Amino acid sequence: LALITLLAAATRGLYLAQPMLHDEAYTFIAFASRPLLAAISDYALPNNHIFHTLLVYLAYHLLGNQPWIIRLPAFVAGVAIVPLTYVTAGCFYNRKAGLLSAGLVAAAPLLIDYSANARGYTLVCALTLCAAALAAYVKDHRNGIAWALLALTCALGFYTIPIILYPAGLLVVWLALSGLFSDTSR
């Protein structure tokens with residue numbers, strides 16, 4: 001898993017210095033480079049992936065103004081998708097399925113591209129994988145902290161891009177049906 005994750009980071013890192021694309025440049029200029037309160041409270045356009053914008057704002061103000069720095073939050077989330085896929089697949093299947101899934105995610109061209117694009121898509125993917133692993137855990141264990149982490153993960157996803165409604169909604173329906181059919185722990 002460490003080798004797969006390292007290869008995923010190296011592959012994604014090759015694209016960090018590419019010229020800025022329109023959406024990521026617009027997000028930076030219109031939102032992340034503004035004062036913090038304005039950056040995280042302006043949802044006049046769905047182009048502002050607010051939680052991602054907050055992370056870009058922090059990276060920009062702490063590390064400087066370079067394309068790779070502006071892309072750093074998407075890059076970190078894109079690399080994190082690999083071990084998160086392993087953990088999530090392991091929750092539902094086994095370690096072998098987790099390794100195979102992690103390898104496929106590490107090599108997926110679209111995920112490589114999104115990992116070097118200063119947008120919130122890889123962040124939503126990472127949060128979705130966290131939520132799925134937490135949902136699998138809370139289904140079988142009575143743990144208030146895990147429930148709180150599941151709620152926080154989904155909330156951060158909604159604060160990033162509301163499209164997380166689909167995976168979060170599916171997880172809620174799955175948990176409700178599991179409870180309805182007594183396929184849960186006490």
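This section describes helix packing, buried residues and nonpolar cores in a predicted model.

Helix H2, spanning residues 22–32, contains the buried residues Glu 24, Thr 27, Phe 28, Ala 30, Phe 31 and Ala 32. The buried residues of H2 pack against H3 (36–41), against H4 and against H5 (67–70). With respect to H4, the packing angle of H2 is about 80°, and the two axes are 10 Å apart. Since angles of 65 to 115 degrees count as roughly perpendicular, H2 is roughly perpendicular to H4. On the H2 side the contact is formed by Thr 27, Phe 28, Phe 31 and Ala 32, and on the H4 side by Thr 53, Val 56, Tyr 57, Tyr 60 and His 61. Sorted by class, the residues of this contact between H2 and H4 comprise six nonpolar and three polar residues, with no charged residue.

Thr 53, one of the H4 residues in that contact, belongs to the helix that runs over residues 50–63. With a relative accessibility of 1%, Thr 53 counts as buried. When neighbours within four places in sequence are set aside, Thr 53 is in contact with Thr 27, Phe 31, Ala 32, Ala 39 and Asn 48. Thr 27, Phe 31 and Ala 32 are also among the residues through which H2 contacts H4.

The loop between H3 and H4 holds His 49, a residue that is likewise buried, at a relative accessible area of 2%. Not counting residues up to four places away in sequence, His 49 touches Arg 119, Gly 120 and Tyr 121, and also Tyr 159, Thr 160 and Ile 161.

Thr 160 is also touched by Leu 123, whose other contacts, again without residues up to four places away in sequence, are Phe 51, His 52, Leu 55 and Ala 77. Leu 123 is located in helix H9 and, having a relative accessibility of 10%, counts as buried. The C-alpha atoms of Leu 123 and Ala 25 are 18 Å apart in space, while the two residues are separated by 98 residues in sequence.

Leu 123 is also a member of the largest nonpolar core, which consists of 17 residues and in which Ile 81, Val 82, Val 105 and Leu 123 touch the most other members. At least two residues of this core are supplied by each of helix H6 (72–92), helix H7 (95–107) and helix H9 (121–140). H9 provides the largest share of the core, namely five residues. Another core lies apart from this one and has eleven residues, including Ala 131, Ala 132, Leu 134 and Val 138.

Helix H7, besides supplying residues to the largest core, packs with helix H1 (residues 2–13) at an angle of about 10°, the axes being 9 Å apart. An angle under 35 degrees counts as roughly parallel, and H1 and H7 are therefore roughly parallel to each other. Ile 4, Ala 8 and Arg 12 of H1 make this contact together with Leu 99, Ala 102, Gly 103, Val 105 and Ala 106 of H7. The contact of H1 with H7 has, by class, six nonpolar residues, one polar residue and one charged residue. Val 105 thus appears both in the contact with H1 and among the core residues that touch the most other members.

A further helix pair is formed by H10 (residues 144–160) and H11 (residues 165–180), whose axes come within 10 Å and cross at roughly 155°. Because angles over 145 degrees count as roughly antiparallel, H10 and H11 are roughly antiparallel to each other. Their crossing is left-handed. The residues in contact are Trp 147, Leu 150, Cys 154 and Phe 158 from H10, and Leu 165, Ala 168 and Leu 175 from H11. By class, the contact of H10 with H11 has seven nonpolar residues and neither polar nor charged ones.

In the segment after H11 lies Ser 182, which has a positive phi of about 55° although it is not a glycine. Most residues other than glycine have a negative phi. In terms of accessibility, Ser 182 counts as exposed, at 63% relative accessibility, whereas Thr 53, His 49 and Leu 123 are buried.

Terms used
Residues are numbered from 1 along each chain as its sequence is written. This is a predicted model: local features need pLDDT of at least 70, side-chain atom pairs count only at pLDDT 80 or more; totals for chains, interfaces and linings use all residues. Side-chain values use heavy atoms; hydrogens and water are left out. Axes are lines fitted to C-alpha atoms, for helices over the stretch in contact, and angles run from 0 to 180 degrees between N-to-C directions. Helices (H or I, at least four residues) and strands (E, at least two) are DSSP runs, numbered from the N terminus. A crossing is left-handed if the near helix is turned anticlockwise from the far one by less than a right angle, and right-handed if clockwise. Contact means heavy atoms within 4.5 Å. Ala, Val, Leu, Ile, Met, Phe, Trp, Tyr, Cys and Pro count as nonpolar, Asp, Glu, Lys and Arg as charged, and the others, Gly among them, as polar. Buried means under 20% relative accessible area, exposed over 50%, partly exposed in between (1.4 Å probe, protein chains only). A nonpolar core is a set of buried Ala, Val, Leu, Ile, Met, Phe, Trp, Tyr and Cys residues joined through side-chain atoms within 4.5 Å.
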